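The following exercises ask the reader to work from a structure to statements about burial, contacts and charge pairing. Each task is followed by a solution in steps.

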Amino acid sequence: MPAPTPVAQDFVPYATAAIDFHRALNLPTGPLVASRAELDSLHEHLVALHGLLDTHAQRTSPLLPTEGDHLKAARTRLWQAADHLHAAYHASPRPGSGEVPSPHACRARLPEGAPELSICRRHQETAQLVRRRTTPADLHTPFTGLVRR
């Protein structure tokens, strides 16, 4: 069997380690609820993972349909998680005032101001990709899809 082809530096393990380090260092002594800044950062991370899995799914599916199906299912679940983080962000109190914004403010394009609007911009940009790559049934089914054998 030939030796594996060397690839460019794989940074995913470093990202994983950074998240584990953040959790171990900050959460035991941190606030009891996630801040809007942390929810925004987690959303950004999930959207980045969604993009990575989307690229893998698009490249893999024509060559290995079964693996591609699983990658597409994982991509869909990441989008669903990002969607929940976006909703959690808007359900959390604003710093300073403690006011909880209306759940319709983002959809109505009523900005909360920079940098708070960055999560909505990122979410809407990713939603466009999601609409091109998935069906409404994919997004709402409790089962992530076809498993080929």
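The exercises below concern a predicted model.

**Exercise 1. Determine whether the end-to-end distance of helix α2 agrees with its number of residues, and state which of its residues are buried and what covers them.**

Solution.
1. Helix α2 comprises residues 36-60.
2. At 1.5 Å a residue, the 25 residues of α2 should span 36 Å, because the expected span is 1.5 Å times one less than the number of residues.
3. The C-alpha atoms at the two ends of α2 are 36 Å apart, in agreement with this expectation.
4. The buried residues of α2 are Arg36, Leu39, Asp40, His43, Leu46, Val47, His50, Leu53, Asp54, Ala57 and Thr60.
5. The cover over these buried residues includes α3 and α4.

**Exercise 2. Classify Leu78 as buried or exposed, and identify the residues that it touches beyond four places in sequence.**

Solution.
1. Leu78 belongs to helix α3, which runs over residues 65-91.
2. The relative accessible area of Leu78 is 15%. The cut-off for burial is under 20%, so Leu78 is buried.
3. When residues up to four places away in sequence are not counted, Leu78 touches Leu46, Leu49, His50 and Leu53.
4. Of these partners, Leu46 lies 32 residues from Leu78 along the chain, yet their C-alpha atoms are separated by 6.4 Å.
5. Leu46, His50 and Leu53 are among the buried residues of α2.

**Exercise 3. For the salt bridge of Asp20 and Arg23, relate the spacing in sequence to the helix, and assess the accessibility of each partner.**

Solution.
1. The structure holds five salt bridges; in one of them the side chains of Asp20 and Arg23 meet at 3.6 Å, N to O.
2. Both residues lie in helix α1 (residues 12-26), and because they are three residues apart, about one helical turn separates them.
3. Asp20 has a relative accessibility of 36% and therefore counts as partly exposed.
4. Arg23, with a relative accessible area of 49%, is also partly exposed.

**Exercise 4. Identify the parts of the chain that are tied together by the salt bridges Arg122 to Asp40 and Arg75 to Asp54.**

Solution.
1. The side chains of Arg122 and Asp40 form a salt bridge of 2.8 Å, N to O.
2. Arg122 is in helix α4 (residues 118-133) and Asp40 in helix α2, so this pair ties together parts that are 82 residues apart in sequence. Arg122 and Asp40 are both buried.
3. The side chains of Arg75 and Asp54 meet in a salt bridge of 2.9 Å, N to O.
4. Because Arg75 lies in helix α3 and Asp54 in helix α2, this pair ties together parts 21 residues apart in sequence. Arg75 and Asp54 are likewise both buried.
5. Asp54 and Arg75 are further linked with Arg133 in a network of salt bridges.

**Exercise 5. Locate Ser92, judge whether it is buried or exposed, and describe its polar partners.**

Solution.
1. Ser92 is situated in the loop between α3 and α4.
2. With a relative accessible area of 9%, Ser92 is buried.
3. The side chain of Ser92 makes a polar contact of 3.2 Å with the side chain of Arg36.
4. Ser92 and Arg36 are 56 residues apart in sequence, whereas their C-alpha atoms are 6.7 Å apart in space.
5. A polar atom of the Ser92 side chain also lies 2.7 Å from the backbone oxygen of Tyr89.
6. Arg36 is listed among the buried residues of α2.

Notes:
Residues numbered from 1 in each chain as written. Predicted model: local features only at pLDDT ≥ 70, side-chain atom pairs only at ≥ 80, totals over all residues. Heavy atoms only, no water. Helix = DSSP H or I, 4+ residues; strand = E, 2+ residues; numbered from the N terminus. Buried < 20%, exposed > 50% of the residue type's maximum accessible area, 1.4 Å probe, protein only. Contact = heavy atoms within 4.5 Å. Salt bridge = Lys/Arg side-chain N within 4 Å of Asp/Glu carboxyl O. Polar contact = N/O pair within 3.5 Å; in protein donor to acceptor, adjacent residues only side chain to side chain.
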